Amino acid sequence: MEPDPSKSPTGGSSSLIFLGTGCSGTLPDARCLLKPSTPPCAVCSMGISLPPEGNPNYRLNTSLLVDYCHDDGTHRYILIDIGKTFREQVLRWFVHHKVPYVDSIILTHEHADAVLGLDDVWVVQPRNDRNDVEQIPIFLTQFTMDSIARRFPYLVEQRPEDGDEDAQAAKIDWKIVQDDVEKPFVASALEFVPLPVMHGEGYICLGFLFGRRARVAYLSDVSRFLPKTKHAISKSGAGQVDLLILEANSLHGVGDSFSTHLTLSESLDAIKRIHPKRALLIGMRHFFEHERENQMLAEWSIREEIPTQLAHDGLRVFIDI
């Protein structure tokens with residue numbers, strides 16, 4: 001029997017916590033509950049019949065927390081994306097997994113499901129011995145920085161919102177990174193390689209490759225792979241990754257020139273080309289029923305010899321990065 005990936009083999013392991021595995025609209029989709037179809041949407045109906053912690057079809061905005069255990073045993077918490085559902089993710093999964101704070105944040109792009117939780121960043125900022133909030137670095141492209149400056153001027157200017165002098169102001173160190181696989185950066189002592197991909201034609205989104213021992217590639221919003229990114233993470237290119245985390249937004253069909261996300265068949269084709277040791281899928285809409293699709297993926301995994309499954313909110317994967 002294979003070891004349970006959610007169980008730590010030791011008390012000092014690094015891990016990946018899936019704070020959200022859904023699309024921008026999240027699940028359950030409110031439209032399916034406000035105006036039910038005939039028959040009702042089975043996946044979204046579970047959203048009101050089952051508690052979220054017992055429902056793998058309850059999906060918040062896609063976000064990953066990297067719990068990086070340093071060689072000296074200390075842990076650093078690196079958050080990738082902080083979307084519209086961030087507050088619920090903190091209450092549900094930070095508490096459940098006993099995550100005390102966030103050391104650094106990395107943003108993939110400037111869409112709402114990746115940045116609108118920035119207003120609550122002060123809640124998870126570390127504090128020093130005097131209980132003062134410590135500055136938190138946020139890594140992002142200049143394009144994303146410009147968008148955030150328009151939407152969150154008070155965060156960029158380091159002042160409380162609405163001029164309330166008694167309010168808590170987030171202390172942020174904005175760090176510009178390049179959308180170039182040859183220009184890595186370091187967040188909380190862990191190196192990240194930017195993986196630019198197309199998120200609709202004309203729009204570049206970042207994924208990331210990280211891990212000193214086990215190599216993890218994270219790609220949350222993809223419509224098309226760029227050659228350098230594909231080479232950086234492919235077995236036939238720069239070398240096989242241990243874990244590929246990739247989106248699969250729609251269950252059926254294939255995309256066209258207007259698509260901004262991969263469909264399941266496109267994601268599986270990409271997994272075959274990249275050939276990781278293991279893959280987990282994220283970003284699913286309500287067409288995906290967790291247990292049903294994972295049964296299908298179990299058969300696909302045996303056939304293709306690449307273990308692949310849908311991830312779910314709250315999943316913790318222990319991995320020696």
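This passage describes the strands, helices, unusual backbone positions and aromatic pairs of a predicted model.

Confidence in the predicted model was considered before its details. The average pLDDT over the chain is 92, and 93% of the residues reach a score of at least 70. Residues 1-10 have a pLDDT below 50, and this stretch makes 10 contacts in the model beyond its near neighbours in sequence. Where pLDDT is low, predicted coordinates should not be read in detail.

An open sheet is formed by 7 strands, arranged in the order β6-β5-β4-β3-β2-β1-β15, with mixed pairing. Strands β6 (172-176) and β15 (316-318) occupy the edges; each has a single partner strand, so one side of each lacks a neighbour in the sheet. On average, neighbouring strands in this sheet are turned by 20 degrees against each other when direction is ignored. Helix α3, spanning residues 86-96, packs on the sheet and touches β1, β2 (63-69) and β3. The direction of helix α3 makes about 130 degrees with that of β1. Within the sheet, strand β3 (residues 75-80) pairs with strand β4 (residues 104-106) in the parallel sense, over 3 bridges. In this pairing, Leu 79 stands opposite Ile 105 of β4.

A further group of paired strands involves β13, which covers residues 279-282. Strand β12 (residues 243-247) is parallel to β13, and the two are paired over 4 bridges. Leu 244 stands opposite Ala 279 of β13. Together with helix α8 (residues 264-274), strands β12 and β13 make a right-handed β-α-β unit. Strand β13 is also joined by 3 bridges to strand β14 (residues 308-310), and these two strands run parallel. Here Ala 279 has Thr 308 of β14 as its bridge partner. Ala 279 thus has a partner in a strand besides β13 in each pairing, namely Leu 244 and Thr 308.

The side chains of β13 were examined next. In a regular strand, side chains alternate between the two faces of the sheet. In β13, Ala 279 and Leu 281 point one way, whereas Leu 280 and Ile 282 point the other way. All four of these residues are buried.

Several positions have notable backbone geometry. Most peptide bonds are trans, and most residues other than glycine have a negative phi. The bond joining Leu 27 and Pro 28 is cis, with an omega of about 5 degrees. Pro 28 is placed in the loop between β1 (15-20) and α1 (30-34). A cis peptide bond also runs from Thr 38 to Pro 39, with omega near -5 degrees, and Pro 39 belongs to the loop between α1 and α2. Pro 28 is in contact with Gly 47, a residue of helix α2 (residues 42-49). Asn 55 is likewise touched by Gly 47, when residues up to four places away in sequence are not counted. Gly 47 has a relative accessible area of 17%, and because this value is under the 20% cut-off, Gly 47 is classed as buried.

A positive phi is found at two residues that are not glycine. Ala 189, in the loop between β7 (185-187) and β8 (190-198), has a phi of about 70 degrees. With a relative accessibility of 49%, Ala 189 counts as partly exposed. His 275 has a phi of about 55 degrees and is situated in the loop between α8 and β13. The relative accessible area of His 275 is 26%, and this residue is also partly exposed.

Across the whole structure, 9 aromatic pairs are found. In one of them, Phe 185 and Phe 208 meet edge-to-face, with 6.0 Å from centre to centre and 90 degrees between the planes. Phe 185 is in strand β7 and Phe 208 is in strand β9 (residues 204-210), so that distant parts of the chain, 23 residues apart, are linked. Both residues are buried, at 8% relative accessible area for Phe 185 and 0% for Phe 208. Phe 208 also forms an edge-to-face pair with Phe 192, at 6.3 Å centre to centre and 85 degrees between the planes. Because Phe 192 lies in strand β8 and Phe 208 in strand β9, this pair ties together parts that are 16 residues apart in sequence. Phe 192 is buried, with a relative accessibility of 0%. Ring pairs join Phe 139, Phe 185, Phe 192, Phe 208 and Phe 210 into a cluster.

Notes
Residues are numbered from 1 along each chain as its sequence is written. This is a predicted model: local features need pLDDT of at least 70, side-chain atom pairs count only at pLDDT 80 or more; totals for chains, interfaces and linings use all residues. Side-chain values use heavy atoms; hydrogens and water are left out. pLDDT is the predictor's confidence in each residue, from 0 to 100. Contact means heavy atoms within 4.5 Å. Buried means under 20% relative accessible area, exposed over 50%, partly exposed in between (1.4 Å probe, protein chains only). Two strands pair if DSSP finds at least two bridges between them. A crossover is right-handed if, with the strands pointing away from the viewer, the path from the first strand over the helix to the second runs clockwise. Axes are lines fitted to C-alpha atoms, for helices over the stretch in contact, and angles run from 0 to 180 degrees between N-to-C directions. Rings of Phe, Tyr and Trp (its six-membered ring) pair if their centres lie within 6.5 Å; planes under 30 degrees apart count as stacked, over 60 as edge-to-face and the rest as tilted.
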